[in-house]
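What follows walks through helix packing, a sheet and a few individual residues. Please keep the sequence and the coordinates open while reading.

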Amino acid sequence: MISGPSEEPRYLVRPRLYAPVVASHSKDALGASLAGLAMQIGAGPGDAPAAQVRAFDALTRAAEAERPELRPAMPPRSPRATSLPRQVLLARVNQLAVTRHAAGLRHALVLAAESVRDSLALVANAEARDVFLGSFEGLRDAVASELPDRVDRLPAPIPSAGHARRSPAVYRDALRQLQRLLIETDHRLAVFPEGIDGGRAWCFVLLHDGAAPVDDVTLVEVGYEGLGGHSTFAHHVALGPLPPGERLRVFVGDDEGAELRTDVTLRVRRGATAVRLRFEFPKLYRRRSFPLVPGLGREGIVGRPLDAV
């Protein structure tokens, strides 16, 4: 990824820029080879020749041997060493570069979906898009294997014959859905009572169960639904980064606000991917007994995003 003028895409404006993008992930000989290949691919018009496709396939095999656990997030290889549209091959080089140093498969899948989604904006040719979007089906299958209990929330499979006729926006939305699902499953919001001046308050704590660090967590808003209607309070408080296995104290509310429903909305950012996670907790004021929350070390109630606890 690169930083450029605000009116330009975050990934590439011209193929020649792919080399510095990939070079930013070049921490070793394999990364340097990927950067060199990106420069070769972006040096001329038309399709990338078969020799460059074979070179990419060889680098992909090396990366898979180096990190076999990340294989589902790595870009597809060509079954035969045929020419490919340069946009397609460059996007796959970029996907390989950004995923091979990921901290675990879920993190790699988030980064891969981000790379495919943003690079898709550069693939204008419908035939090229048809080849390129094989990455989408591969990522969808990988997420299904990683999160079998969430298969009903995956974007629907798209027949290969329909690729070229669909708008890129359809795939961008589907890839964002994959990213969100992976980030959702790594986080729980726990709430437990605390005594204050003879009364009771509710403490909300975010638990990070994933293997990859979160760059930033922001408390966006807190809402209450009572007999008098629904009230929402905007906060936009930056809570900081969240390492794997750690927790963040998010918010403390009083017992009076916890009437019919309390909902908390957080913004979680990992890399360039930021999603809103909303949690709902009904009728907290009625609760008198609580189970032990794994990872919290005390009794409380725990919810996952979009779940009503």
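In this predicted model, helix α5 passes helix α7 in a left-handed crossing. Helix α5 covers residues 105-120 and helix α7 covers residues 134-146; their axes lie 11 Å apart and the packing angle is about 155 degrees. Angles over 145 degrees count as roughly antiparallel, and α5 and α7 are therefore roughly antiparallel to each other. On the α5 side, the contact is formed by L105, R106, L109, A112, A113 and V116. On the α7 side, S135, L139, A142, V143 and E146 take part. Sorted by class, the contact of α5 with α7 holds 8 nonpolar, 1 polar and 2 charged residues.

Some of these positions turn up again around L175. This leucine sits in helix α8. Is L175 buried or exposed? L175 has a relative accessibility of 0%, and because buried means under 20%, L175 counts as buried. Setting aside neighbours within four places in sequence, the residues in contact with L175 are A113, V116, R117, F136 and L139. Of these, A113 and V116 belong to the α5 side of the contact with α7, and L139 belongs to the α7 side. A112 of α5 can be placed relative to L175 as well: the two are 63 residues apart in sequence, while their C-alpha atoms are 9.3 Å apart in space.

A second helix pair is formed by α3 and α4. Helix α3 spans residues 50-66 and helix α4 spans residues 86-99; their axes come within 11 Å and cross at roughly 20 degrees. That angle makes α3 roughly parallel to α4, since angles under 35 degrees count as roughly parallel. The crossing of α3 past α4 is left-handed. Which residues of α3 and α4 meet? From α3 come Q52, V53, F56, L59, T60 and A63, and from α4 come R86, L89, R92, V93 and L96. The class count for the contact of α3 with α4 is 7 nonpolar, 2 polar and 2 charged residues.

Helix α8 leads on to the sheet. It comprises residues 168-184 and lies across strands β8 and β9, running at about 55 degrees to β9. These two strands belong to an open sheet of 4 strands, in the order β6-β5-β8-β9, with antiparallel pairing. The edge strands are β6, residues 229-242, and β9, each of which pairs on one side only. Ignoring direction, neighbouring strands of this sheet are turned by 15 degrees against each other on average.

Strands of a sheet pair through backbone hydrogen bonds, either parallel or antiparallel. Strand β8, residues 261-270, pairs with β9 in the antiparallel sense over 10 bridges. Two positions fix the register for the reader: T262 stands opposite F281 in β9, and V264 has F279 of β9 as its bridge partner. The hairpin of β8 and β9 has 2 residues between the strands, and G271 there takes a positive phi near 65 degrees. Although β9 is an edge strand, 7 of its 10 residues, which run from 273 to 282, are buried, so β9 is largely enclosed by the rest of the structure.

Positive phi values also occur outside glycine in this model. Most residues other than glycine have a negative phi, and most peptide bonds are trans. H236 is not a glycine, yet its phi is positive, at about 55 degrees. This histidine lies in strand β6, one of the edge strands of the sheet. H236 counts as exposed, with a relative accessibility of 54%, because the cut-off for exposed is over 50%. K283 is another such case, with a positive phi near 45 degrees. It is found in the loop between β9 and β10, the latter being residues 292-293. With a relative accessible area of 35%, K283 is partly exposed.

The last residue to inspect is I301. I301 is located in strand β12, residues 301-303. Its relative accessible area is 6%, so I301 is buried. I301 and S289 are 12 residues apart along the chain, and their C-alpha atoms are separated by 9.6 Å.

How values were computed:
Residues are numbered from 1 along each chain as its sequence is written. This is a predicted model: local features need pLDDT of at least 70, side-chain atom pairs count only at pLDDT 80 or more; totals for chains, interfaces and linings use all residues. Side-chain values use heavy atoms; hydrogens and water are left out. Axes are lines fitted to C-alpha atoms, for helices over the stretch in contact, and angles run from 0 to 180 degrees between N-to-C directions. Angles under 35 degrees count as roughly parallel, over 145 as roughly antiparallel, 65 to 115 as roughly perpendicular and the rest as oblique. A crossing is left-handed if the near helix is turned anticlockwise from the far one by less than a right angle, and right-handed if clockwise. Contact means heavy atoms within 4.5 Å. Ala, Val, Leu, Ile, Met, Phe, Trp, Tyr, Cys and Pro count as nonpolar, Asp, Glu, Lys and Arg as charged, and the others, Gly among them, as polar. Buried means under 20% relative accessible area, exposed over 50%, partly exposed in between (1.4 Å probe, protein chains only). Two strands pair if DSSP finds at least two bridges between them.
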